[in-house]
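Me: I'd like some help learning to read a protein model. Can we go through it feature by feature?

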2 protein chains.
Amino acid sequence: MNITTIEQFQITSNFFSLTVAAMGAATAFLWLNRSAVSAPYRMAVTVSGLVTFIALYHYFKISVSWNEAYKIVDGALVATGTPFNDAYRYVDWILTVPLLIVELILVMRLGKAETVSKSVRLGILAALMIAFGYPGEVSADAGTRWMWWALAMIPFLWIVIELLGGLKSSIDKQPASARGLINGASYLLILSWAFYPVVFVLPMLGVEGSTAATYVQVGYSIADIVAKAVFGVLIFAIAVKKSEAEAHA
Amino acid sequence: MNITTIEQFQITSNFFSLTVAAMGAATAFLWLNRSAVSAPYRMAVTVSGLVTFIALYHYFKISVSWNEAYKIVDGALVATGTPFNDAYRYVDWILTVPLLIVELILVMRLGKAETVSKSVRLGILAALMIAFGYPGEVSADAGTRWMWWALAMIPFLWIVIELLGGLKSSIDKQPASARGLINGASYLLILSWAFYPVVFVLPMLGVEGSTAATYVQVGYSIADIVAKAVFGVLIFAIAVKKSEAEAHA
């Protein structure tokens with residue numbers, strides 16, 4: 001899918017730039033505020049900042065690649081022949097999605113053994129999910145895309161079900177003041193994650209052309225801001241609430 | 001060995017970019033978490049971050065050099081004539097490999113005299129190993145490559161034997177909770193280090209051509225991520241375990 005107009009090029013460029021700014025701001029906010037939470041929650045806040053830091057780097061690379069893929073000649077948009085490198089998203093996800101799961105597990109403050117086993121199991125499933133998605137993403141054949149999509153949906157659903165089940169069962173052990181935020185984080189996780197497999201199937205459903213290509217880039221950018229920067233700030237807010245509740249206990 | 005297709009160019013580019021991201025993330029993680037370990041282990045964690053920081057810089061330079069060596073013209077990959085600078089790897093290794101040994105010695109927390117003598121002796125051997133490897137790497141003659149390879153293997157085996165022997169004999173003095181991780185670090189060290197001399201001999205064994213060239217670049221990238229970023233996080237985990245064990249002692 002290629003874009004064709006200057007407006008499509010600019011809208012997408014601007015969303016990439018917005019994402020770079022949001023990820024950079026979230027990273028600075030999270031790392032500067034590590035000392036605002038009590039010691040057991042600092043790792044959750046550090047890892048949240050790590051996720052936005054890695055995404056900052058990849059959106060910068062995505063921006064540069066976008067600018068190398070198109071140029072404006074005589075008032076019209078022309079593809080330069082250097083392909084836009086969509087793979088940066090997958091390289092980003094294979095690092096950040098397991099870490100997103102880890103930040104959520106860390107802020108729950110489960111027992112040590114459970115934290116490690118859950119992080120390893122769900123982290124590996126997340127990496128598998130991304131690895132299965134990539135061969136489908138780079139294929140133009142609808143059948144191949146559906147096969148890899150279906151394979152990636154298995155670890156995806158497993159993760160969502162286990163995370164939400166685990167969150168629900170541990171939520172009674174969480175301080176009352178943090179329950180609303182933890183519920184919010186759960187719904188944000190489902191909503192933002194659900195976006196990716198939907199965008200993936202758009203070309204298989206006949207949504208093609210340059211307008212759809214713009215929607216896909218803008219959509220992925222918004223989903224990444226919500227799933228990483230907004231989610232990270234929510235993790236920080238939960239860590240603050242839990243630090244306060246435990247200080248008074 | 002040169003690559004010939006756009007796919008080979010892109011796969012290698014993506015692995016270089018992944019390595020930059022992984023080294024940057026590891027550096028931030030290690031330096032932000034220095035205070036999570038007790039004072040005697042902070043230097044080990046700082047040096048671990050130094051190793052990934054130096055590698056971050058070199059993989060950035062490697063990426064730039066890779067992009068200067070090839071361009072896409074009319075949908076085909078063309079060598080620009082500017083050679084890809086493989087020497088960045090050796091410059092990186094001559095700085096980081098002695099430091100990798102130092103981080104492992106520091107986390108063992110041996111006596112002061114032993115720490116210094118072991119670091120100096122094994123650090124010099126590591127620098128020799130890299131210095132011997134380089135004249136072989138830049139030679140196209142199989143005989144010359146074998147000679148330098150054999151010379152580099154002497155300090156290599158000396159280091160591996162001394163490190164593993166030293167680790168084994170000191171492991172009984174380590175807290176029980178950290179022994180599993182220290183064993184893990186030993187095996188990770190052997191496995192990741194063993195990769196380099198094997199990649200080096202590939203062209204002498206007749207494994208040539210553009211596919212092999214891609215494997216070599218991707219392989220070195222993965223080996224560097226494991227030997228530096230993953231190893232650094234393992235050193236940090238050992239430092240945390242030992243800090244905890246000693247606080248309760």
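Me: Let's start with charge. How far apart are the mean positions of the positive and negative charges of chain A?
Reply: The idea is to average the places of each kind of charge and compare the two points. Here we're looking at a predicted model, and in chain A the 16 positive and 15 negative charges have mean positions 13 Å apart.

Me: What pattern of helices and strands does chain A follow along the sequence?
Reply: Just walk from one end to the other and note each element. You get α-α-β-β-α-α-α-α-α, so to speak a list of seven helices and two strands.

Me: How does the radius of gyration of chain A fit a compact globule?
Reply: You set the value against what the chain length would suggest. A compact globule of 249 residues would come out near 18 Å, and chain A has 19 Å, which agrees. For the outline, the C-alpha trace spans about 70 × 40 × 25 Å along its principal axes.

Me: What share of the residues of chain A count as buried?
Reply: Buried here means under 20% relative accessible area. In chain A, 51% of the 249 residues fall in that class. On the outside, the accessible surface is about 10900 Å², with 69% of that belonging to carbon and sulfur atoms.

Me: Which elements have the highest and lowest mean pLDDT?
Reply: Think of pLDDT as the predictor's confidence in each residue. Helix α1 (residues 6-32) of chain A has the highest mean, 97, and helix α6 (residues 176-201) of chain A the lowest, 85. Chain A averages 90, and 99% of its residues score at least 70.

Definitions and conventions
Residues are numbered from 1 along each chain as its sequence is written. Chains are lettered from A and ligands numbered from 1 in the order in which they are written. This is a predicted model: local features need pLDDT of at least 70, side-chain atom pairs count only at pLDDT 80 or more; totals for chains, interfaces and linings use all residues. Side-chain values use heavy atoms; hydrogens and water are left out. Helices (H or I, at least four residues) and strands (E, at least two) are DSSP runs, numbered from the N terminus. The radius of gyration is taken over C-alpha atoms; the globule rule is 2.2 Å times the number of residues to the power 0.38. Buried means under 20% relative accessible area, exposed over 50%, partly exposed in between (1.4 Å probe, protein chains only). Accessible areas come from the Shrake-Rupley method with a 1.4 Å probe; for residues, only the protein chains shown count as cover. Lys and Arg count as positive and Asp and Glu as negative; His and the chain ends are not counted. The place of a charge is taken as NZ of Lys, CZ of Arg, CG of Asp or CD of Glu. pLDDT is the predictor's confidence in each residue, from 0 to 100.
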